[in-house]
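Q: Please take one part of the structure shown below and describe it closely. I would like a connected account that also places this part within its surroundings.

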Amino acid sequence: MGGHGVLLLPGLRRWTPGRSAWMSRLCGGVRFSSCTPKVCIVGSGPAGFYTAQHLLKTHQNVHVDIYERLPVPFGLVRFGVAPDHPEVKNVINTFTQTAKHSRCRFYGNVNVGKDVSVGELKQAYHAVVLSYGAEGNRSMGVPGEGLAGVYSAKDFVGWYNGHPSCRELNPDLNCETAVILGQGNVALDVARVLLSPIDILKKTDITQPALEALVRSQIRRVLIVGRRGPVQVACTIKELREMVNLPGTKSEMVEADFDGVTEALKDLPRPRKRLTELLLKTALDTPGDKEQQRRHQASRTWGFRFFRSPSEVLADADGNKTVGIRLAVTRLEGSGEGARAVLTGEVEDVTCGLVISSIGYKSHPIDPSVPFDTRRAVIPNTMGRVKQATGLYCSGWLKTGPTGVIATTMNNSFDTARSLVEDMESEALDLSSVKTGSEVISALLEERGVKSVSFSDWEKIDSVEMSRGEASGKPREKILTVEEMIQVART
């Protein structure tokens, strides 16, 4: 009880004279408990869950509902993280705790923008946070990118990680050389999956169809192409080290690409310096006896190709299928991170049957009522507050563009949650009206024939996947269609 015999509710400070008018205004004259802040988050990947986690932790009264287009949660942790990186997926344990919080609810199989509009969510909730990530691909913008044998890394990763929309990709791996455009961590994940021994992959949660395709794969050589040089390579040292140590493989670099790199080392910041040193060692050092033997036994090769930019994917005589790629040779203007690649006018052709474009993911607008910067493919915002749209927020890649690792997304999502809590406390966000949240949205969805999937429904799917995986010595065997996911959830 408060000092004046007033019941103190969670999140409300002790009553003091003069605060009664403030409380009455805040709650619109209704009982305090009706005035619970209701927040809705669209998207259940890392951005959505980290935003929810921070809101629930820092505001003792807020209720959070998470809406997800698929029947399964966790976004790119499930569909983006490489199958041989199970330790990265451990964040799912934290997200599960958030989903099971008494003030949090998960609604899967709800397509915001189609099943329900952002406007309807704004009417039902005090605040709406858009965290649905980057579903699209950046286009290469070169002739031939529509040929058979050309894939985006997002779709290729979705295929081996069991994303329902990529299930029918069936990439043709019946060629010797694959070219990956882009040199970030996703590019290295793809290269590693293409070249990994099957004995390693079969113990992961890679999908069965992808595993079978990789067993039959004829790919023996993977080139990872970037338009700038070794000092600008976008991957991290952990991923590079994994490539260097990948069993059954050896690296194959072009010595001339490393001219001047040793001299540049002294001016590099420490993380970049360590990465560049490992690149130099891999490319130029004379291997010791043990390494020499390992390389001698290798049946597959991989290598970075620097100072190259795609100018055309080359087709076979029928004009349907990829048989090579034309690379424009570049040179750098400037130095360090800010160096720019400019074309020299030279080109070179590389024979290959598979081209994977790993030049970035891209967000799309899901509702015409939401401001969207089509050039940058982000929602215009200040610290997660959507510009000219009170009560609307964004977090994750939709807020910043597709950059960084899961920890980067965590910090950016916490920042958005902080902005939202600040707005509640400063009354910049109007909490005076009672909002019914999921009550009204659930009724709308039912009326429209949309059956949502709860978190306990997801746990049924999770349990079935893990038991199927156990039967074949894998951590899980993912269900690959939305229909089967829903069927399992309903049992």
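A: Two strands are said to pair if DSSP finds at least two bridges between them; the strands (E, at least two residues) and helices (H or I, at least four) are themselves DSSP runs, numbered from the N terminus. The model is predicted, with local features requiring pLDDT of at least 70 and side-chain atom pairs pLDDT 80 or more, whereas totals for chains, interfaces and linings use all residues. Residues are numbered from 1 along each chain as its sequence is written, and side-chain values use heavy atoms, without hydrogens or water.

The part chosen is an open sheet of six strands, in the order β6-β14-β7-β8-β10-β9, with parallel pairing. Its edges are β6 (150-152) and β9, each of which pairs on one side only. From one strand to the next, the twist averages 20 degrees; such angles run from 0 to 180 degrees between N-to-C directions, with axes fitted to C-alpha atoms and, for helices, over the stretch in contact.

Beginning at the β6 edge, three bridges join β6 to β14 in parallel. Within this pairing, Val150 stands opposite Val355 of β14. On its other side, β14 (residues 354-357) is joined in parallel to β7 (residues 177-181) by four bridges. Here Ile180 faces Ile356 of β14, and Leu181 has Ser357 as its bridge partner.

In a regular strand, side chains alternate between the two faces of the sheet. In β14, Leu354 and Ile356 point one way while Val355 and Ser357 point the other, and all are buried; buried denotes a relative accessible area under 20%, exposed over 50%, and partly exposed anything in between (1.4 Å probe, protein chains only). Ile356, opposite Ile180, and Val355, opposite Val150, thus point to opposite sides of β14.

Continuing across the sheet, β7 and β8 run parallel and are joined by five bridges, with Ala178 having Val222 of β8 as its bridge partner. Strand β8 is in turn joined in parallel to β10 by five bridges, and Ile224 stands opposite Phe304 of β10. Four of the five residues of β8 are buried, so this strand is largely enclosed by the rest of the structure.

Two helices relate directly to this sheet. Helix α7 (residues 185-195) lies across β7, β8 (221-225), β9, β10 and β14, and runs at about 175 degrees to β8. Helix α12 has seven buried residues to consider: Arg272, Leu275, Thr276, Leu278, Leu279, Leu280 and Thr282. They pack against two strands of the sheet, β9 (249-251) and β10 (300-305), as well as against α10 (237-244), α11 (261-264) and α13 (289-297), contact meaning heavy atoms within 4.5 Å. The geometry of α12 (residues 270-284) is regular in span: at 1.5 Å a residue its 15 residues should cover 21 Å, and the end C-alpha atoms are 21 Å apart, which agrees. That expected span is 1.5 Å times one less than the number of residues.

A second sheet offers a contrast in strand direction. Three strands form an open sheet in the order β11-β12-β13, and their pairing is antiparallel. Its edge strands, β11 (308-315) and β13 (340-351), have a single partner each, so one side of each is left without a neighbour in the sheet. The twist in this sheet averages 20 degrees from one strand to the next. Strand β11 pairs with β12 (residues 322-333) over seven bridges, and Arg308 stands opposite Val329 of β12.

These sheets belong to a chain with 18 helices and 18 strands. Of its 491 residues, 52% count as buried. Among contacts with a separation of 6 or more, 73% involve residues 24 or more positions apart. The C-alpha atoms fill a box of roughly 80 × 55 × 45 Å along the principal axes. The radius of gyration is 26 Å, which agrees with the value near 23 Å for a compact globule of 491 residues; both refer to C-alpha atoms, the rule being 2.2 Å times the number of residues to the power 0.38.
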